[in-house]
Amino acid sequence: MVYISFASDGGPLCFDCPRLRNPYACTTIKRCPKGFKCFSKYYWEPQSQNLYWDQGCLSDSFCSALPSQRAQALSSPVNFSATAELRTPVSRVRRLEGLDDDALRFCISCCKDYSDYCNMLPCDHTLSSGPGQVPSGLTCLSCTDVSDPANCTNAQRCAANQNCAVWTQANGKFGMGCKDDTLCQADGDYITFGKRNTDVAAARVGVVSGTGCRACCKDNFCNSLYCSAINDLPTGIFTVATTPTTTTTPLTTSTTTPLTTTTTTPMTTSSTIPTTTTPATPLSVTLQPKQMTVQIGSNVSFNCRVQGQPPLNALFTITDSQNSTTTLPMCVKSITTVQEDVICEILTSQRPHGLYQVQCIANSNQGSAMESVVLDVKEITVPLSVDIHPSDITLFSGMPANVYCRVDGSPTVSYIWIDSSTGQDITNSSNFRTYVTANNTAVLEIAPQAPNTQAVFVCQAYNRLDSLYLPFNVNSFINVSITQSPQDITLTDVIENMSCDFESWPPANVSWFFLTNTNLVIPANESQIYNNHTGPIVTSILNISPELVKQLDIKSASCEADNGFATKSASANVQLLVPAKILTPARSYTVQAGSSFSLRCEAEGSPLPQMAWTFTDEFGINKILIGANVEKIGAVQSLKIDHIYDSGTFTCYAKNDLATVTAAFQVIVS
């Protein structure tokens with residue numbers, strides 16, 4: 001590995017980074033003061049509970065004060081295991097290091113001498129359990145717009161298949177960094193990005209006269225040595241001659257360009273004929289066409305005519321006018337003639353639409369020349385057209401569902417899903433999920449727990465030029481379920497209400513039915529029913545009067561919900577409470593002794609009253625009549641006597657839970 005430091009009154013160039021978790025992540029380089037060396041330090045910080053690396057410059061006095069086991073050169077690192085001494089007893093050293101009393105230092109190491117970059121590898125880089133892997137690629141200087149490669153103070157860790165590189169930018173300054181092996185290829189006597197070899201190199205082409213230079217090399221930091229007017233080239237590296245032309249003719253003398261002072265003759269002759277040197281062709285670039293407008297996806301070719309004194313080099317770059325980014329050189333060509341056309345084909349399919357500047361840059365020993373033209377890449381526009389219109393959908397409770405929407409067009413189409421009842425964007429809300437497939441189909445996933453609804457949703461398809469709104473109906477369906485059953489009811493002398501609640505979607509219609517004591521089913525009149533709908537909940541109320549219950553002899557009532565998909569019903573008992581009442585009026589009778597006689601007593605009430613007869617003779621004595629028979633049919637009792645001989649009063653009794661009533665019938669026996 002070659003490290004060469006250019007002359008300076010200061011100290012070495014060192015990696016300079018504090019508090020690194022990975023020691024190989026440092027990319028900052030610092031010129032240390034004279035009398036300082038490069039160092040690295042690995043320590044534990046209790047406050048943050050982390051391990052850190054410091055890299056930078058330490059004075060000779062500090063390095064000499066380090067304990068011997070820690071003052072090892074990086075070229076021969078020492079392994080410090082977890083059992084090694086962690087604290088130094090030398091308080092002066094600790095103060096110089098800037099460590100807190102609680103900090104644990106695992107290792108600290110200064111370089112043996114004043115070499116540049118020598119703390120690139122940390123002091124315990126050979127540990128298998130170290131805090132980072134040793135980079136597999138080169139470490140190269142990485143800068144833009146530096147006047148000389150030797151002035152670059154930033155580093156870059158390259159991949160394993162990359163080289164260090166340096167190149168002249170369009171503004172005449174230098175760029176430095178990593179380049180792939182495939183870009184570092186020699187081409188004749190001029191290396192676009194040439195691998196270093198002993199036959200040809202482009203390291204210092206035209207540096208003195210200010211022309212371009214490009215080179216690749218395979219050592220750490222080696223790109224500071226090429227194209228530099230400050231640093232010397234490594235031993236064994238040659239530069240291409242800066243002489244533009246040497247003309248030699250038989251029997252005549254050929255004179256080189258003014259950059260050389262020797263005159264050579266290829267053959268021995270008796271006389272020398274003076275010759276004149278043809279002036280060099282001025283370097284010029286003509287790029288055609290001056291402006292090009294194409295649709296994105298098209299290929300376009302540009303012709304760059306380069307004139308000048310060979311050897312020449314031509315290349316193309318493209319700059320995006322929107323973000324001012326420039327591509328790597330393309331269509332690079334070495335030219336050995338005074339004039340040549342270089343054609344470059346550009347693929348617009350790999351670039352976004354917009355304005356670009358296409359530059360053709362030519363370099364020679366005479367300097368550089370450049371011309372730019374405008375490339376306008378237009379996007380392809382296609383009007384929006386519906387490919388898949390979202391269909392109306394009926395949702396079943398507890399079941400997920402998908403809705404699809406696709407609109408074709410260019411620029412690319414995007415989608416939004418909207419609930420028109422609220423005007424809200426439901427894209428990726430809690431009950432919905434949306435995504436777009438590879439063929440640009442928008443999908444709306446409706447979750448099983450989505451609320452029951454009957455609404456119009458909209459798939460909005462749009463790009464920056466147009467929008468389409470595609471509506472569709474969403475209807476939810478759930479099985480009819482009873483949320484509140486009717487309760488048993490007892491009526492006396494006022495109208496009462498019965499109610500029941502159902503959950504259903506679509507909302508259900510509710511009807512009522514009566515069941516009589518003779519098991520007849522009679523529908524209730526609509527004027528007796530009131531239904532109230534709140535979303536999927538319907539509450540139904542039935543008005544029922546004592547007269548209706550008595551008239552129809554009702555024993556129960558039932559409510560039934562029907563939403564067109566399913567039905568559900570529930571019933572409750574109906575009881576009517578009416579005080580006992582005797583309907584047969586009291587009266588007097590005159591009968592012949594020994595004749596047969598009968599009395600009739602009719603009563604009503606709910607519950608049905610119990611009935612009985614008593615007899616009191618004319619002297620006020622209660623008697624049991626012999627030969628008296630009682631017949632009962634419902635609430636009617638008939639008393640029959642075969643032979644009556646005593647005058648007196650017959651009393652009819654009717655009794656239920658609400659009342660006891662009587663009716664007296666006077667009988668005179670003559």
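The largest share of the lining of the largest pocket, three residues, comes from β23. In this predicted model, the pocket holds about 450 Å³ of space. Of its 23 lining residues, Trp167, Thr168, Gln169, Ala170 and Thr317 are the closest to its centre. Strands that each give at least two residues to the lining are β8, β10, β11, β20 (312–320), β23 (354–364) and β24. Sorted by class, the lining consists of 10 nonpolar, 11 polar and two charged residues.

**Core and the strands that build it**

Three of the strands that line the pocket, β8, β10 and β11, also contribute to the largest nonpolar core, each with at least two residues. This core has 32 residues. The members with the most contacts inside it are Phe15, Ile29, Tyr117, Leu141, Val166, Phe221 and Tyr226. Besides β8 (143–146), β10 (162–168) and β11 (174–180), the strands β1 (13–15), β2 (17–20), β7 (139–141) and β14 (214–217) each supply at least two core residues. The largest share, three residues, comes from β11. In soluble globular proteins, nonpolar side chains tend to be buried together.

Why is β11 described as largely enclosed by the rest of the structure? Six of its seven residues are buried, so the strand is largely enclosed. Its pairing involves β8 and β10. With β10, β11 runs antiparallel and is joined by seven bridges. With β8, β11 pairs in the antiparallel sense over two bridges. Met176 of β11 appears in both pairings: Met176 is the bridge partner of Cys143, and Val166 stands opposite Met176. Val166 is also among the core residues with the most contacts. The hairpin of β10 and β11 has five residues between the strands, and Gly172 there takes a positive phi near 90 degrees.

**A second hairpin**

Strands β30 (residues 432–436) and β31 (residues 442–446) run antiparallel and are joined by five bridges. Phe432 has Ile446 in β31 as its bridge partner. This hairpin has five residues between the strands, and a positive phi near 65 degrees is found at Asn440.

**Salt bridges**

The structure holds 13 salt bridges. The table gives three of them, with the distance between the closest N and O atoms.

| Basic residue | Acidic residue | Closest N and O atoms |
|---|---|---|
| Lys41 | Asp54 | 3.8 Å |
| Arg464 | Glu379 | 1.6 Å |
| Arg600 | Glu602 | 3.5 Å |

Lys41 forms a salt bridge with Asp54. Lys41 lies in strand β4 (residues 36–45) and Asp54 in strand β5 (residues 50–59), so this pair ties together parts that are 13 residues apart in sequence. Both partners are buried: Lys41 is, and so is Asp54.

Arg464 forms a salt bridge with Glu379, and their closest N and O atoms are 1.6 Å apart. Arg464 lies in the loop between β32 (454–462) and β33 (467–484), while Glu379 lies in the loop between β24 (367–378) and β25 (382–388), so the pair ties together parts that are 85 residues apart in sequence. Are the two partners buried or exposed? Arg464 has a relative accessible area of 58% and is therefore exposed, whereas Glu379, at 17%, is buried. The cut-offs behind these labels are under 20% for buried and over 50% for exposed. The loop that holds Glu379 follows β24, and β24 supplies at least two residues of the lining of the largest pocket.

In the pair of Glu602 and Arg600, both residues fall between those cut-offs. Glu602 is partly exposed, with a relative accessible area of 27%, and Arg600 is partly exposed at 45%. Apart from the tabulated pairs, Asp617, Lys623 and Asp646 are linked in a network of salt bridges.

**Ala280 and Val338**

Where does Ala280 lie? Ala280 is in the loop between β16 (263–264) and β17 (284–288). With a relative accessibility of 41%, Ala280 counts as partly exposed. Ala280 and Val338 are 58 residues apart in sequence, and their C-alpha atoms are 9.3 Å apart in space.

Key
Residues numbered from 1 in each chain as written. Predicted model: local features only at pLDDT ≥ 70, side-chain atom pairs only at ≥ 80, totals over all residues. Heavy atoms only, no water. Core = buried A, V, L, I, M, F, W, Y, C linked by side-chain atoms within 4.5 Å. Buried < 20%, exposed > 50% of the residue type's maximum accessible area, 1.4 Å probe, protein only. Helix = DSSP H or I, 4+ residues; strand = E, 2+ residues; numbered from the N terminus. Salt bridge = Lys/Arg side-chain N within 4 Å of Asp/Glu carboxyl O. Pairing = 2+ DSSP bridges. 1 Å grid on protein atoms, 1.4 Å probe; cavity = no way out; pocket = protein on both sides within 12 Å on 5 of 7 lines; lining within 4 Å. Points joined across faces, edges and corners; volume = space filled by probe spheres on them. Nonpolar A, V, L, I, M, F, W, Y, C, P; charged D, E, K, R; others polar.
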